[in-house]
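This report describes the nonpolar cores of a predicted model, followed by one of its residues and one pair of its helices.

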Amino acid sequence: MAKIGINIKGGTLEKPDAVVGIDLGTTNSLIAVVGENGEAKVLGKSNDVIVPSIVHFDESGTAIVGNTAKLALIHNPETTIYSVKRLLGRSYKDIAKHAAFFTYRIIDDNEEQMVRVLVNDKYYTPIELSAIILSELKRKAEDALQAQVSKAVITVPAYFNDNQRQATRDAGKLAGLDVLRIVNEPTAASLAYGFGLDPNHQKTIAVYDLGGGTFDVSVLRIEAGIFEVLSTNGDTSLGGDDVDRGIVDHWLQSLNIDPESLSRNQFSELRLLAEQAKISVSSGNPFSGSFENNNILVALNFDETTLNQIVNPILDKTLVCVKKALLDAGVQASEIDEVVLVGGSTRLPQVSAQLKSIFKASQINNSLDPDEVVALGAAIEADVLAGNRRDILLLDVTPLSLGIETGGGLMDVIIPRNSKIPCSAAREYTTSVDGQVNMSIAIFQGERELVAENRKLVSFELRGIPAMPAGFPKVKIKFLLDADGILRVSAEELRSGVKQEIEVKPQYGLSDDIVESMLIDSLTNAQTDLELRALIEAKTEGRQLIYTAERFISKNSQMLSAAETMESQKLIQALNEKIASGSRDEILAGIDTLNEYTKPFAERLMDIAIGAALKGTTII
Ligand code: ADP
Ligand code: MG
């Protein structure tokens with residue numbers, strides 16, 4: 001229950017700390033909250049909701065954020081920092097290719113280290129600059145809510161790596177925010193649309209996000225509160241800015257102005273006018289403006305036909321990415337339940353029009369404001385994490401499967417990849433040899449069928465199992481993965497109660513890159529892995545049957561005729577040969593024959609032990 005305090009000085013009731021959602025965008029940022037009515041809403045005065053992600057440092061070194069800073073781009077490009085998200089969590093080496101894009105100074109003295117920006121003799125890291133934007137958003141929210149804001153969910157693109165996510169988290173901390181979670185932008189967008197909030201719904205969606213300078217498309221599968229990113233694609237230098245540039249070029253050409261003759265400030269001014277023209281025309285209003293060049297005021301006009309000419313080649317590129325994303329996700333366009341439009345540039349009417357070459361009109365969903373949708377979803381996630389919605393559980397998923405080694409070096413998955421965490425799962429195993437008192441349990445992470453190809457996390461021994469015939473002990477191995485991704489494994493022999501427990505941290509030292517390459521490996525090798533697994537399983541089953549049959553014959557020789565013993569041994573011998581060099585089918589045929597032949601003996605004896613031994617999975 002939320003606590004309400006009383007402000008001693010004013011005697012007023014103090015509201016509990018608000019938990020907000022933040023869309024920290026490359027071009028624009030927004031902050032949102034779930035109100036008392038349970039609805040998410042963006043915060044700020046009506047014309048001031050969208051905060052350009054721009055920081056301008058004035059002469060005294062004071063930081064100004066947002067629309068005022070955007071205007072400073074015209075006259076003070078060196079002290080006005082835009083697109084800082086492109087630098088977040090990156091080294092100079094990472095961004096060197098795009099260095100020319102920035103009009104402010106980026107320091108390249110150490111290519112491997114995180115980049116820094118130089119403004120008026122002061123160095124800033126992208127984390128600090130992002131924190132300045134986040135502080136402005138926090139202040140805006142505190143103003144609107146008249147309450148302290150201390151906890152937040154911040155969104156990042158789905159393709160952000162660990163460094164970039166960590167840097168975003170650090171920026172939040174620096175701004176005085178307790179970052180509850182970093183959430184993927186497409187996940188937030190789908191939450192805003194309400195997808196994933198009903199645990200019984202299953203959907204496959206595509207999120208098409210065309211912003212100011214970046215385009216990305218993600219295909220998500222949503223099921224039982226879990227958001228699985230099936231694929232992402234995009235272009236980190238494609239967006240509304242390209243349209244603005246195209247408009248400037250069009251004006252210069254049609255007015256016969258030599259670009260070389262213009263100052264940098266004039267260029268910046270034209271860019272801003274171009275953006276206004278674009279927004280005006282795409283909203284169905286004609287545009288007319290003016291621009292001063294060589295003391296002459298020239299009229300600037302713009303219409304829909306020209307806009308579409310500029311926009312279409314840009315959208316063509318996005319469609320190529322969409323097709324690739326569908327291919328990578330392994331889904332057909334027709335299998336997508338909803339195509340959600342995100343980002344200011346999806347207001348261009350051509351976006352929906354062009355998407356209709358891939359999807360049906362009924363699949364395209366743009367009913368929410370494309371500027372707000374990510375922030376709104378972040379607010380919903382924040383609300384869930386704050387515990388205000390008991391009915392929903394939004395979950396992280398484990399990126400790789402967790403399991404143990406079983407006979408023949410096979411991976412037996414106990415918690416599959418993409419399981420929501422926290423979670424637990426257990427399986428029962430048994431021994432393979434009579435009188436086995438120790439069982440070694442090795443824990444692996446990965447998608448391959450053979451443990452040798454996966455990553456070993458730890459191994460331990462369950463000791464002190466009372467001596468019993470093979471197949472009798474019932475060893476329950478339980479995996480518990482907590483919300484922080486820490487795995488606890490326990491092994492218990494159920495008949496005797498002998499128990500052992502161990503804690504492992506599976507995420508430790510595994511970068512996103514490694515996880516990705518492990519997944520790719522498992523996909524490329526899936527077919528051969530499966531065949532190999534089937535062969536090993538057949539061999540293990542065959543050996544187990546031979547062990548059981550031999551033990552049965554030696555223990556119960558008085559019950560069998562000499563001919564029966566002979567025939568059994570012949571079949572055992574044949575099966576042994578097949579295990580040594582036969583195919584899976586031959587081994588399985590050998591197992592069937594031996595099984596068929598010896599089954600009546602077992603029935604004769606009603607020896608349940610054999611049944612048990614044949615059923616249980618053995619570890620070694
Ligand atoms: P980001 O996610 O990169 O921060 P946004 O989603 O805020 O970007 O999108 C910003 C882009 O959207 C800018 O290029 C802006 O000009 C463009 N935009 C905003 N409104 C419109 C509109 N009505 N028509 C066309 N483009 C628009
Ligand atoms: Mg965005």
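## Cores and helix packing

In this predicted model, the largest nonpolar core comprises 48 residues, and those with the most contacts inside it are Val20, Ile22, Ile81, Leu87, Tyr104, Ile106 and Leu134. Helix H3 gives the most to this core, with 8 residues. A second, separate core holds 46 residues, including Ile247, Ala274, Ile310 and Leu348.

Ile127 lies in helix H3, which spans residues 126-145. With a relative accessible area of 11%, Ile127 is buried, because this value is under 20%. Its C-alpha atom is separated by 6.3 Å from that of Leu88, a residue 39 positions away along the chain. The table lists contacts of Ile127 and Ile106, leaving aside residues within four places in sequence.

| Residue | Residues in contact (heavy atoms within 4.5 Å) |
|---|---|
| Ile127 | Leu88, Met114, Ala167, Asp170, Ala171, Leu174 |
| Ile106 | Leu87, Tyr92, Ile95, Val115, Arg116 |

Two packed helices are described by the angle between their axes and the distance between the axes. Helix H6 (residues 240-254) packs against helix H7 (residues 264-282) at an angle of about 110 degrees, and their axes are 8 Å apart. H6 is therefore roughly perpendicular to H7, a description that covers angles of 65 to 115 degrees. On the H6 side, the contact involves Gly240, Val243, Asp244, Arg245, Ile247, Val248, Trp251 and Leu252. These meet Phe267, Leu270, Arg271, Leu273, Ala274, Glu275, Ala277 and Lys278 in H7. By class, the contact of H6 with H7 contains 10 nonpolar, 1 polar and 5 charged residues.

Methods:
Residues numbered from 1 in each chain as written. Chains lettered and ligands numbered in written order. Predicted model: local features only at pLDDT ≥ 70, side-chain atom pairs only at ≥ 80, totals over all residues. Heavy atoms only, no water. Helix = DSSP H or I, 4+ residues; strand = E, 2+ residues; numbered from the N terminus. Buried < 20%, exposed > 50% of the residue type's maximum accessible area, 1.4 Å probe, protein only. Axes fitted to C-alpha atoms, helices over the stretch in contact; angles between N-to-C directions. Parallel < 35°, antiparallel > 145°, perpendicular 65-115°, else oblique. Nonpolar A, V, L, I, M, F, W, Y, C, P; charged D, E, K, R; others polar. Core = buried A, V, L, I, M, F, W, Y, C linked by side-chain atoms within 4.5 Å.
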